[in-house]
Amino acid sequence: MTPALEPIRRIAAYAICTDPTDRVLLVRASARSGTPGVWSLPGGAIDHGEDPNHTVVRETAAETGLSVSVVGLRDVLADMRSLPHRGVTIHTDRLLYQVSVRGGTLCDRVGQPTDLARWHSVEEATKLLLRPFTARALGLPSGPIDLRPDEAPEFPSFHAVPGPDGLHRAQRFAAYAVATDPDGRVLLTRVADGYPGAGCWHLPGGGTDYGEQPGAALIRELVEETGQRGRLVELIGVASHRDAASLGPEGYPIDWHGVRAFYRVVVDSPATPTVSDVGGSTSEARWFGRDELDALPAERLTEVTAEAVQAARLG
């Protein structure tokens, strides 16, 4: 049994970077880290309010000395990792981006959590100790590198803490569905009174639980908010939005930063939508025909919904 550890959550962004010979850029964890000698993709935690695209560029430059540009989003996944020496268990939502090198010189670091940056062929990488998320990104089997808790601890998906300016702040990762049925209708939910965006139409979905993968969370939320059972088709993209003084049911302003993955979902056997999470943030769920969706004024849609619908080429 792992000892009782304090649960914490974070959101992070990482670079999948290859050179003209298909070698991949990896960094090695130093003695200052929880897994010294283990290799991973360059990247790190997203600062409060920071766009993940900026995070992956900033972290890659800091860890490798190379300037990169983002080509596209490759994957979103989550994992748990116990660090007894720090007294914590960490749930990390990881955004993996394909990037290309713009310039710079590969360099090593002294006294930092990562100390080496090197190009490795996939064959060479099979001989390295790899973090599980890195092995998955490279299509390789992962070894038992990370110590995992025996079960996911209780921890809210929304957790506000005092910020440096005294205002409470919260960073939350969530998954949402651009859900359609065989007739091409789109499923939307209405935000309940008392929540940010009250009265606007929103995508079904919500915050992921501790230890939960985004896709599994999305299918669960779809049932709870609309009564529909869907199948995950593809990851469409990630949106990052900050509201510096959001007002919700807490009754006090919160500096809110939401990082939201949205997926294409198909509901093969649609039913009349029902909301089972009574008293939550969803007051209504409804199927919209494409003409009805196009006719909705922009102010009737939440920001992430408008962005996701456009990305899915539905609007």
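So, which residue in S6 is the bridge partner of Tyr14? Hold that thought while I set things up.

What we have is a predicted model, where local features need pLDDT of at least 70, side-chain atom pairs count only at pLDDT 80 or more, and totals for chains, interfaces and linings use all residues. Residues are numbered from 1 along each chain as its sequence is written, and side-chain values use heavy atoms, with hydrogens and water left out.

From the record: UniProt, in an unreviewed entry, lists "domain: Nudix hydrolase" for residues 7-142 and 170-310. Those positions are in the numbering used here, feature names are shortened, and annotations may be inferred rather than shown by experiment. Residues 7-142 come out at 17% helix and 47% strand; helices (H or I, at least four residues) and strands (E, at least two) are DSSP runs, numbered from the N terminus.

Okay, the sheet. It's open, four strands, order S4-S1-S6-S5, with mixed pairing; two strands pair if DSSP finds at least two bridges between them. S4 and S5 (66-83) are the edge strands, each pairing on one side only.

Now S1, residues 6-17. Twelve bridges join S1 to S6 (residues 88-104), and those two run parallel. Back to my opener: Tyr14 has Leu96 as its bridge partner in S6. Further along, Cys17 is bridged to Val99 of S6. With S4 (residues 43-45), S1 pairs in the antiparallel sense over three bridges, and there the partner of Tyr14 is Gly43.

That's the sheet, then the second listed stretch: residues 170-310 are 19% helix and 41% strand, with the end C-alpha atoms 27 Å apart.
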